[in-house]
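Work through these short exercises with the model in view. Try each task before reading its solution.

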Amino acid sequence: MGRIVLLLGGNLGDRAALMAQAEAEVARTVGRVVRASAVYESEAWGFDTPDRFLNRVLVVETDLTPIETLDRTQ
């Protein structure tokens, strides 16, 4: 069992609901979420958009390889 760090973020739709859904899907398909940061709101970086981003970091325990993790999170 190893630990991975995933970064979640989005700026469209119901951002909070989508972030909660993404975290639940990570727990279901990748592994147990053992730590989670606070949710941060930020401006876009590198491009212009009127919509602010919500961002969060998850630490997940998993038996998956990096490629398996990538396949399940994309």
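**Exercise 1. Trace the order of helices and strands along the chain.**

Solution. Start at the N terminus and read along the sequence: the pattern is β-α-β-β-β-α. Next, count the elements: there are 2 helices and 4 strands. Helices (H or I, at least four residues) and strands (E, at least two) are DSSP runs, numbered from the N terminus. This is a predicted model, where local features need pLDDT of at least 70, side-chain atom pairs count only at pLDDT 80 or more, and totals for chains, interfaces and linings use all residues. Residues are numbered from 1 along each chain as its sequence is written, and side-chain values use heavy atoms, with hydrogens and water left out.

**Exercise 2. Describe the chain as a whole: its span, its burial, its contacts and its surface.**

Solution. Begin with the span. The C-alpha trace covers about 40 × 20 × 15 Å along its principal axes. Then take burial. The chain has 74 residues, and 24% of them count as buried. Buried means under 20% relative accessible area, exposed means over 50%, and partly exposed lies in between (1.4 Å probe, protein chains only).

Now the contacts (heavy atoms within 4.5 Å). Take those with a separation of 6 or more: residues 24 or more positions apart account for 67% of them. Finish with the surface. About 5300 Å² is exposed, and carbon and sulfur atoms supply 55% of that area. The areas come from the Shrake-Rupley method with a 1.4 Å probe; for residues, only the protein chains shown count as cover.

**Exercise 3. Find the largest pocket and say which elements line it.**

Solution. First, the term. On a 1 Å grid over the protein atoms alone, a pocket is an open set of points with protein on both sides within 12 Å along at least five of seven lines, and lining residues have an atom within 4 Å of a point. The volume of the largest pocket is about 160 Å³. A volume is the space filled by probe spheres set on the points, with grid points joined across faces, edges and corners.

Next, list the lining: L8, G9, G10, N11, L12, R15, L18, M19, A22 and L54. Two elements give two or more residues each: β1 (2-10) and α1 (15-29). The largest share, 4 residues, comes from α1.

**Exercise 4. Place D51 and find its contacts.**

Solution. Look in the loop between β3 (40-42) and β4 (53-62): D51 lies there. Its relative accessible area is 34%, so D51 is partly exposed. Set aside neighbours within four places in sequence. D51 is then in contact with N11 and L12. D51 and N11 are 40 residues apart along the chain, yet their C-alpha atoms are separated by 5.7 Å. N11 and L12 also appear in the lining of the largest pocket.

**Exercise 5. Is T69 buried or exposed?**

Solution. Go to helix α2 (residues 66-73), where T69 has its place. Its relative accessibility is 7%, so T69 counts as buried. Leave out neighbours within four places in sequence, and T69 is in contact with I4, V30 and L64.

Now turn to E68, in helix α2. Its relative accessibility is 35%, so E68 counts as partly exposed. E68 and L7 are 61 residues apart in sequence and 17 Å apart in space, C-alpha to C-alpha.

**Exercise 6. Which residues does V34 touch?**

Solution. Find V34 in strand β2 (residues 32-36). Skip residues up to four places away in sequence. V34 then touches R3, V59, V60 and E61. Check the spacing to E61: the C-alpha atoms of V34 and E61 are separated by 6.7 Å, with their positions 27 residues apart along the chain. V34 counts as partly exposed, at 23% relative accessibility.

**Exercise 7. Is Q21 buried or exposed?**

Solution. Locate Q21 in helix α1. Its relative accessible area is 51%, so Q21 is exposed. For Q21 and G31, 10 residues apart along the chain, the C-alpha atoms are separated by 15 Å.

Terms used
1 Å grid on protein atoms, 1.4 Å probe; cavity = no way out; pocket = protein on both sides within 12 Å on 5 of 7 lines; lining within 4 Å.
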